[in-house]
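Hi everyone, thanks for making time. I'd like to walk you through one protein chain today, so please have a look at the screen.

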Amino acid sequence: MFTSLVGLTSPTAQAHGGAHDWHAPSNKLTGIERGVQFALSCDHTIHELLSEYDSCLAYYADQMASDPVAATAYWYVALTRVRSALQNDYPDAGQFLPVFEARYRQAQSRQVVPESRLCVTISAPCPPAAPATTH
């Protein structure tokens with residue numbers, strides 16, 4: 001299933017999203033796949049401002065509550081979109097960045113999912129690996 005999800009992803013927030021980009025999320029998925037698909041289903045709301053994107057994410061957030069792994073993936077995808085929007089000069093991205101960072105941290109506190117696993121799943125650049133420590 002991840003293969004089909006990768007084709008739908010782009011780590012960059014897309015200006016002027018359209019209804020043709022929308023894919024209804026499946027309630028049959030679980031874990032990372034569920035979180036990614038539900039978050040991606042809101043991509044069509046990304047325009048010049050992120051307020052509609054935030055509203056869409058809020059609409060689906062309750063459906064992530066029963067699956068902590070899905071919730072972590074959900075907020076990770078959302079955070080990557082907001083980070084990209086900030087890099088692309090969306091005027092309200094700075095206002096949403098701390099909110100989405102907090103939501104992602106809260107999800108990670110319920111269920112840790114390694115960021116290296118999440119970034120690979122959505123074909124986003126992964127953070128550099130931490131250097132090994134020797135004692």
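I'll start with the overall layout, then go through the links between parts of the chain, and finish with one helix and two backbone spots.

One thing up front: this is a predicted model. So please keep in mind that we are talking about a prediction.

Okay, the layout. What elements does the protein chain have, helices or strands? There are 6 helices and 0 strands. If you read from the N terminus on, the order is α-α-α-α-α-α. The protein chain has 135 residues, and 44% of them are buried. As for the outside, the protein chain exposes about 7300 Å², with 56% of that coming from carbon and sulfur atoms. And here is a number about how the chain comes back on itself: take the contacts with a separation of 6 or more, and 68% of them are between residues 24 or more positions apart.

Now for the links, beginning with charges. How many salt bridges does the structure hold? The count is 2.

One of them pairs Asp43 with Arg81, and their closest N and O atoms are 2.6 Å apart. Where do these two sit? Asp43 is in the loop between α2 (31-40) and α3 (51-64), while Arg81 belongs to helix α4 (residues 68-87), so this salt bridge ties together parts that are 38 residues apart in sequence. Are the partners buried or exposed? Asp43 has a relative accessible area of 16%, so we call it buried, given that the cut-off is under 20%. Arg81 is buried too, with a relative accessible area of 3%.

The other salt bridge is between Arg103 and Asp54, with 2.7 Å between the closest N and O atoms. This pair also links distant parts of the chain, with Arg103 in helix α5 (residues 93-110), Asp54 in helix α3, and their positions 49 residues apart. Here the partners fall on two sides of the cut-off. Asp54 is buried, at a relative accessible area of 16%, whereas Arg103 is partly exposed, at 23%.

Next up, sulfur. How many disulfides does the count come to? It comes to 2 disulfides.

Let's take Cys42 and Cys56. They are joined by a disulfide, with an S to S distance of 2.1 Å. Cys42 sits in the loop between α2 and α3, and Cys56 is in helix α3, so the link covers 14 residues of sequence and connects distant parts of the chain. Remember that Asp43 is in that loop as well. Which hand does the link have, left or right? The angle about the S-S bond is -80 degrees, and that makes the link of Cys42 and Cys56 left-handed. On accessibility, Cys42 is buried at 0%, and Cys56 is buried at 13%.

Then there's Cys119 with Cys126, whose sulfur atoms are 1.8 Å apart in their disulfide. The link of Cys119 and Cys126 is right-handed, with 105 degrees about the S-S bond. Cys119 counts as buried at 0% relative accessibility, but Cys126 counts as partly exposed at 38%. If you number the bonded cysteines in sequence order, the pairing reads 1-2, 3-4.

Let's go back to α4, the helix with Arg81 in it. How far apart should its ends be? At 1.5 Å a residue, the 20 residues of α4 should span 28 Å, and the end C-alpha atoms are 29 Å apart, which agrees. This helix is also mostly covered, with 15 of its 20 residues buried. A quick reminder on helices: an α-helix has 3.6 residues a turn, so residues three or four places apart point the same way.

Last topic, the backbone. α4 is followed by Asp89, and the phi of Asp89 is positive, near 60 degrees. Note that this positive value is in a residue other than glycine. Asp89 is in the loop between α4 and α5, and at 66% relative accessibility it counts as exposed.

Ser123 also has a positive phi, near 55 degrees, and is likewise a residue other than glycine. You'll find Ser123 in the segment after α6 (115-121). Ser123 counts as partly exposed, at 40% relative accessibility.

That's my tour. Happy to take questions!

Methods: Residues numbered from 1 in each chain as written. Predicted model: local features only at pLDDT ≥ 70, side-chain atom pairs only at ≥ 80, totals over all residues. Heavy atoms only, no water. Salt bridge = Lys/Arg side-chain N within 4 Å of Asp/Glu carboxyl O. Helix = DSSP H or I, 4+ residues; strand = E, 2+ residues; numbered from the N terminus. Buried < 20%, exposed > 50% of the residue type's maximum accessible area, 1.4 Å probe, protein only. Disulfide = S-S within 2.5 Å. Expected span 1.5 Å × (residues − 1). Contact = heavy atoms within 4.5 Å. Areas by Shrake-Rupley, 256 points an atom, 1.4 Å probe, with all protein chains shown as cover.
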